[in-house]
Amino acid sequence: MESQRTFLLIGLMLVSFLLFQEWDNDYNKPKVDPSATTQTLKANSPESDDYIPSSSDSGLPASATLAKRSVIEITTDVFKVKIDTKGGDIVETDLLQYEDTKGSNTPFMLLGEFDGKQYFSQSGLIGLNGPDASANGRPTYNTEQKSYTLTGDELRVPLQFTDRNGVSFTKTYVFKKGQYDVGLEYKINNTTSAPLQVQLYTQIKRTVQEKGSMVDQNYLGAAYGTDEEPYEKYSFSDMADKNLNKNTQGGYVAFIQHYFVSAWVPMQDQSNTIYSLITKSNAAIIGAKDEAVNIQAGSEQTLTAIYYMGPKESDILEAIHPDLDLTVDYGWLWFISQPLFVLLKWLHSILGNWGVAIIAITIIVKSLMYPLTKAQYTSMAKMRALQPKMAALKEKFGDDRQKFGQATMEMYKKEKVNPMGGCFPILLQMPIFLALFYVFLESTELRHAEFIFWLTDLSAKDPYYVLPILFGASMFVTQKLQPMTVTDPMQQKMMTFMPVIFSVFFLWFPSGLVLYWLVSNLISIVQMLIIYRGMEKKGIKVRG
């Protein structure tokens with residue numbers, strides 16, 4: 001296979017991969033059947049096993065803005081959080097260690113109301129005596145303060161409610177210094193003379209959203225884990241098609257976006273039910289219900305859960321739940337991506353700059369793959385050397401394809417040339433390239449990471465398009481080093497315009513990704529020169 005065709009294959013594979021994901025997103029856009037939604041909501045009655053505690057909209061009404069709510073403000077070293085006294089839900093979270101945009105000095109809002117959309121964390125008690133299942137609506141909690149600030153290692157924020165029977169409910173959020181996981185403790189004190197039955201639910205509510213541009217290949221949607229399925233995506237369109245209803249030992253539910261995740265982890269030593277639905281106001285909900293708990297008269301009991309809201313950092317997530325780190329989604333090549341990311345982090349710890357670390361890991365990967373690269377270019381060069389003989393065979397046999405094919409195979413056997421020798425090495429390298437693609441795409445550490453000069457954010461596009469232009473130039477040089485031997489006019493045109501096409505295509509790619517591809521191309525050029533020079537010394541004609 002000629003080098004140009006192989007190069008063209010790489011380009012087509014990458015473009016086809018992105019186009020397929022974009023087509024899949026457009027084809028599977030969430031479509032909610034209003035009648036189906038109405039039926040779902042009617043089925044969620046207090047008497048039904050599928051009940052999700054709600055008013056008319058399985059959560060806070062869409063019309064209720066933060067300005068109209070009575071909220072408690074909590075400030076830690078990593079969070080600024082707002083909790084609604086009605087229901088005790090987390091309705092806004094700012095991540096103080098992460099800027100919204102580079103240089104804005106405005107913290108990134110993970111949860112809240114923005115651009116007409118909602119993203120809330122909700123929890124409560126349902127069941128026969130759960131206050132959130134009351135016909136009067138969700139409880140309004142009392143607090144000793146309207147604002148709390150973490151000053152030590154731990155901050156406890158208690159919300160208190162007493163129902164008309166005198167049962168005391170204390171919903172406590174536990175914040176810890178430097179941690180993005182928040183503890184939830186529900187203490188129920190049954191002061192009555194009769195037993196109570198309650199059931200803890202934890203859920204995340206987010207307005208249905210469509211994915212961004214073709215360049216943005218990051219997943220935005222729900223996910224969950226069970227004892228049988230460690231990590232399963234459940235997109236907005238999946239929710240529209242079918243409500244989840246899965247029983248599991250332990251488990252978790254989450255909403256994932258680029259660089260960040262929020263997740264509820266219920267008690268792991270019991271059976272939980274994972275559920276989902278889409279509401280009339282176009283909000284997607286995924287949640288978990290604990291087992292129903294009976295509390296005897298005159299006794300008390302505490303139910304617990306953990307809520308994580310922060311960056312997708314594998315080590316931290318795995319410490320909370322063994323499978324939660326899978327939300328750092330490297331795709332089907334995760335077994336390659338994970339060790340590559342470990343290597344990238346190690347290089348950064350030594351070099352102190354993520355851009356330099358990307359260059360270093362590119363050099364390491366390209367060096368390890370040098371034997372494959374050498375086999376690829378050697379095979380291509382031998383194929384080019386046979387072009388005059390190929391032309392003679394074509395002239396000899398004319399349109400008799402059968403005889404031409406037989407003669408060609410005999411020539412390959414005689415010359416000891418494998419016609420697929422240039423193809424197999426590049427196919428073996430593609431999984432590593434794609435694995436690195438997802439490493440750079442998923443790594444929170446690269447968000448707003450500086451490199452040099454004008455490259456102040458490796459997760460954003462090059463503001464002056466220098467890297468894409470240099471990348472196109474490197475492709476042009478590669479073509480010049482490999483004189484075009486294809487005769488098909490269409491392929492010739494495609495190869496001629498490939499550097500321009502890719503330069504335009506890469507204009508909107510994160511600069512960290514473009515940096516990787518540019519350095520990879522430059523190393524390939526150097527390797528190509530070394531390989532060709534060695535072959536020319538052996539008398540094998542390579543160029544010209």
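These are my notebook entries on the salt bridges and one cavity of a predicted model.

**Entry 1, salt bridges.** I began with charged pairs, since side chains of opposite charge can pair when their charged atoms come close. I found that the structure holds eleven salt bridges. I looked up Asp 89 and saw that it pairs with Arg 138, with the closest N and O atoms 2.4 Å apart. Asp 89 lies in the loop between β2 (79-84) and β3 (90-99), and Arg 138 in the loop between β5 (117-126) and β6 (147-149), so this pair ties together parts that are 49 residues apart in sequence.

**Entry 2, a second partner.** I noted that Arg 138 also meets Asp 132 in a salt bridge, at 2.9 Å from N to O. I then checked burial: Asp 89 has a relative accessible area of 0%, Asp 132 has 1% and Arg 138 has 10%, and because buried means under 20%, I list each of them as buried.

**Entry 3, another pair.** I turned to Lys 312, which forms a salt bridge with Glu 442, the closest N and O atoms being 3.0 Å apart. This pair links distant parts of the chain, with Lys 312 in the loop between β19 (300-311) and α4 (314-320) and Glu 442 in helix α10, 130 residues apart. Lys 312 is buried at 4%, and Glu 442 counts as buried at 5%.

**Entry 4, a cavity.** I counted four cavities of 30 Å³ or more, and I looked at the second largest, whose volume is about 40 Å³. Its lining includes Tyr 259, Phe 440 and Leu 513, and the elements giving two or more residues to it are α10 (424-442) and α13 (511-537). By class, I recorded seven nonpolar, two polar and no charged residues in this lining.

Conventions. Residues numbered from 1 in each chain as written. Predicted model: local features only at pLDDT ≥ 70, side-chain atom pairs only at ≥ 80, totals over all residues. Heavy atoms only, no water. 1 Å grid on protein atoms, 1.4 Å probe; cavity = no way out; pocket = protein on both sides within 12 Å on 5 of 7 lines; lining within 4 Å. Points joined across faces, edges and corners; volume = space filled by probe spheres on them. Helix = DSSP H or I, 4+ residues; strand = E, 2+ residues; numbered from the N terminus. Nonpolar A, V, L, I, M, F, W, Y, C, P; charged D, E, K, R; others polar. Salt bridge = Lys/Arg side-chain N within 4 Å of Asp/Glu carboxyl O. Buried < 20%, exposed > 50% of the residue type's maximum accessible area, 1.4 Å probe, protein only.
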